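The following exercises concern a sheet shared by two chains and the interface around it. Please work through each task before reading its solution.

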Amino acid sequence: MSDGSSSSSSSSSSSNTDSPTATAAPNITIAPTGVTTSETPPPPSSQTQSSIRSLSSIISSVPSSLSSSPNPSFSLLHDSTISSQISSLLRHPDSGSGDNNLCRWLYDTFHTTDPELQLVVLRFIPIIAGVYLSRISRRKALAGFEAILLALYAHETTARGDQPMTVHVPDLSQPSIYHEAKPSIENKATELNLAVTSSTLEPHGTMRSTRRARIVGVALELYYSKISQMPVTSKIEFCEFCEIWAGQDRENFKDGEEDHGENNGSNEMHKVKKKEGRIPLPWELLQPTLRILGHCLLGPHGSKDLFDAASSAINSLYTRSLHDIDAKAILATSSLLRLEKMALDPKANIDYSEIEMANVISL
Amino acid sequence: MAEDDSQSQELATVRELCANGVCMRTTDVEAKLDEGNIHEAESSLREGLSLNFEEARALLGRLEYQRGNVEGALRVFDGIDLQAAIQRLQPSVNENSNSSSFSSYSSSISSHKKGRANRDSQTAVSQHAASLVLEGVYLKAKSLQKLGRFTEAAQDCTNVLDAVGRIFPQGIPGVQVENRLQETVSQAVELLPELWKQAGNYQEAMSAYRRGLLHLWNLDNDCCARIQKAFAVFLLYSGLEAGPPSLGAQVDGAYVPKNNLEEAILLLMVLVQKIHQGIIQWDPSVMDHLTYALSLCSQTPVLSKQLEELKPGVVQRIDRWNTLALCCSAAGQNKYALNLLRKSLHKHERPDDLTALLLAAKICSEDSHLAADGVGYAQRAINNAQGVDGHLKGVGFRMLGLCLRQLAKIAFKDTERSHLQSEALLFLDAAIFFEQDNADIIFELGVQHAEQRNLNAALHYAKKYIDVTGGSVLKGWRLLALVLSAQHRFSEAAVVTDAALDETAKWEQGPLLRLKAKLEISQSRPMDAIETYRYLLALVQAQRKSFGPMRIDSQVGDDKVNEFEVWHGLANLYSSLSHWKDVEICLRKAREMKQYSAKLLQTEGVMCQERGEIQEAMSAYINAILLEPSYAPCKVLISAMLSKMGSNSVPVARTLLSDALRIEPTNHKAWYYLGMIQKDDGRLTEAIESLQAAYILEESDPVESFRSLL
């Protein structure tokens, strides 16, 4: 497991050089055209171009429009043909091993200094984390996935320094910018409840199994911090994996219980299939998951598909939290479910910015 | 329904325009507008109602807007130079001596209050004209919004607010402001962030919200609360970290949130406070957002406080009890949680609530003195898990099994205990039938089998647990190692422990290293064990240095390297090697952490006994029992000493032993001494049984109690 990260880092250059493909050559000539228009961002960096070139050796078709786009990293992030190809490769039963080309590409791409390119890697975190965690119990070689997750973890460890992420819960007896209060004379030092939302990160060079949930959780925290820039499909993929992780499906279980006489084979099969990916959901994994799902449900993205995917995921996690009798998770998921219902209720969504429509219009 | 329709149709079709005391039907004007003849429509209005150009246009625009013809409205509004009109409305800056600087007006509440008294009357005169123009701009923004041109709309909306800011550089005075103007201002403040959100410009939306809430717009309570809630929701769910409000917005001494989550929580708590104070209506969604936010931060006690402060009747009391119970339980205050659940599960309240029943059963399953109640809750849960909730039946069975296991611990009779234990196993088996992959049940089955010394079954579940969790849970590794040690497969147990150490970060290795030392002792490698303990002590010291209060890791909790345990273990080890000086040193160190401890007195007693100091040994053991009346090992040790002292002491010894066995039925030494006493009494059959039990238990004794896993 431990050599996964080192091997994939060292092999980056080789995978670039030994794959000169047909699409790679014209990229270079087209690139300068992006510079001519004055409004476009600076010319696509060579990092992006070389990233796209090495990607073209891994997936079957890279649209030529990609390199000619004024902002190739952005196009790479949002190109649906590319992401669907990468997604299906990541979901392939043999994906994720230490010598997997795609994992190497993602690892190397994350290690470029271009934050736009790093977003492309983050875009696939739902699938990487999802497939990875669901496969753990099958004892497969997953060093490729682990290398990527550890790279993200290391990035966050450096970025946060020795600081935990905290939240002060205010004491309303003290005034704040949003409310007035007479400061009490007794305790001048404001009594704030300090909540640690993400504890200090220890450096981890390898994926120790007892730290796995934390490492993946931190990768999800990083994903969440960029979530407003993520494509909707990426978020929907995350919601789908949450359902698999929860391993709960009320309807199916009810079916399974009814026909104990195993006269309905397909139903049983479905039940088994649904439940396969159930994983332990400690708080360090569940907390960032719920933050992401909160965004997917109630964030300002305006996508009905995402809303539906999120509400279905939250439903599953609510059921799971009942099975685990996890009070904190029950509180968080049930409040989201109530909010979901309110979001769908037209009575709760009056537009107060509309003017009064009277039949007498006066000055 | 039909009546409503016709009424609304009437509303929509028959309109009148009124100004300067004259009213006119809009039919003519509308016809002209429909022909695209704005100028004619305008002039007929100017004539009919004696209006100036801007007034006529503003009325026309509103008419078009109300007719749903937003494009037409836009054309009308485009004809007025709104910017110029706005500029005309502005009072010259010199007029107002208080407006020393443009940036300070927004925040300085106190200077606003001073300034209110000498508001000039000129502004009041111009207010009507201002309201007309600003309403026009606002409607233009609304029209653009309806056409999907959000950025332009936001720009117009910003223009409204900028203009208001210039007209009232001190903020809008609470009195003397014209209703219609105030309405437009409030609507614009509320609309602007929505427009930026729709335009996809979240950063601007964020500042629009702050501008709306931190400047003095004289918003009414409901409007302000709506904006606060919308902003809190945006902060909570947008996923955009925008940074804290700018320094310009800060008032002296006031709390300023430092990140989105903090700001959202502050706003929601302010809203809840307003609900408490009766300033705004109860809004369940505010509480739900707050519940979500606070549970994510694990601050459920704060949430309980908020819930408790709600007036009775706002939330249904059973719902409140149940939510409070969840809050308490999440914060580890299970006693309070159970008290609340007892109320809500009372037969006159909501006795069939599954979540409450399961939570109550779970809390009871953790305490043997509550376990009997837990059995009842679990059974009720099983009975009520019907229909759509059928999937929770397995959870009920699991809780029933766990409660029965707790009950077995305090069972008085041997037969009762073994009955309860096998029942517990039965229900855990039933539970796993419902959820094959539930790691928790797998673990509990492993421990239950191990405690009953079904070591092969225990081994099966221990391995399965590691598979299902991918080795991610420390106690799984410990269970496997302990089961192997109980099977006397010490070297395999050591391999498992080493593997577990590889999978564990430094600070969580304490319990594993302790286990490793004990395994080394069992393998007769005391010197290695001493090395391991030394390493453990080094770890303790390093931990003490680097652990700040911030380091809260999920798995550490109770597993944190416990220095007391280390010294005590080392003392026992030296005692077994008869290194009395070292034992004394270790005991002294351990006493520094915990002065009164039955365990330490036991070690001390054993040392005295070995040195032949019988009186001292005896008093140490007795002190241990006085300190901790249910401490079985010392009872056994006293009995052993007593049984050697002659026949007078034998009855006492026998009582102590049966007492010890009630507490620890698997204590093989207790069975041994009991067997010996029975042998001396000539009760050979009983003696054989006891000694057999002692032998079997010793053969299957783990290096650490299985109970230490729970």
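**Exercise 1: The shared sheet**

Three strands form an open sheet in the order E3(A)-E1(B)-E2(B), with mixed pairing. Strands here are DSSP runs (E, at least two residues; helices are H or I, at least four), numbered from the N terminus, and two strands pair if DSSP finds at least two bridges between them. The model is predicted: local features need pLDDT of at least 70, side-chain atom pairs count only at pLDDT 80 or more, and totals for chains, interfaces and linings use all residues. Residues are numbered from 1 along each chain as its sequence is written, chains are lettered from A and ligands numbered from 1 in the order in which they are written, and side-chain values use heavy atoms, with hydrogens and water left out.

*Task.* Determine which strands stand at the edges, and why one side of each is left without a neighbour.

*Solution.* E3 of chain A and E2 (22-25) of chain B each have a single partner strand, so one side of each lacks a neighbour in the sheet. From one strand to the next, the twist averages 25°.

*Task.* Establish the sense of each strand pairing.

*Solution.*
1. E3 (residues 360-362) of chain A runs parallel to E1 (residues 16-19) of chain B, joined by three bridges. In this pair, A:Val360 stands opposite B:Glu16.
2. E1(B) and E2(B) are antiparallel, with four bridges. B:Cys18 has B:Cys23 in E2(B) as its bridge partner, and B:Glu16 has B:Arg25.
3. Two residues lie between the strands of this hairpin, where B:Asn20 takes a positive phi near 50°.

**Exercise 2: The interface**

*Task.* Describe the extent of the contact between chain B and chain A.

*Solution.*
1. Counting contact as heavy atoms within 4.5 Å, chain B contributes 122 residues and chain A 88 residues.
2. The buried area, meaning the accessible area (1.4 Å probe) that the two parts lose on being put together, summed over both, is about 8900 Å², with 60% from carbon and sulfur atoms.

*Task.* Find how many salt bridges cross the interface.

*Solution.*
1. The criterion is a side-chain nitrogen of Lys or Arg within 4 Å of a carboxyl oxygen of Asp or Glu.
2. Six salt bridges between chain B and chain A satisfy this rule.
3. One of them joins the side chains of A:Arg278 and B:Glu435, at 3.3 Å from N to O.

Technical notes: Axes are lines fitted to C-alpha atoms, for helices over the stretch in contact, and angles run from 0 to 180 degrees between N-to-C directions.
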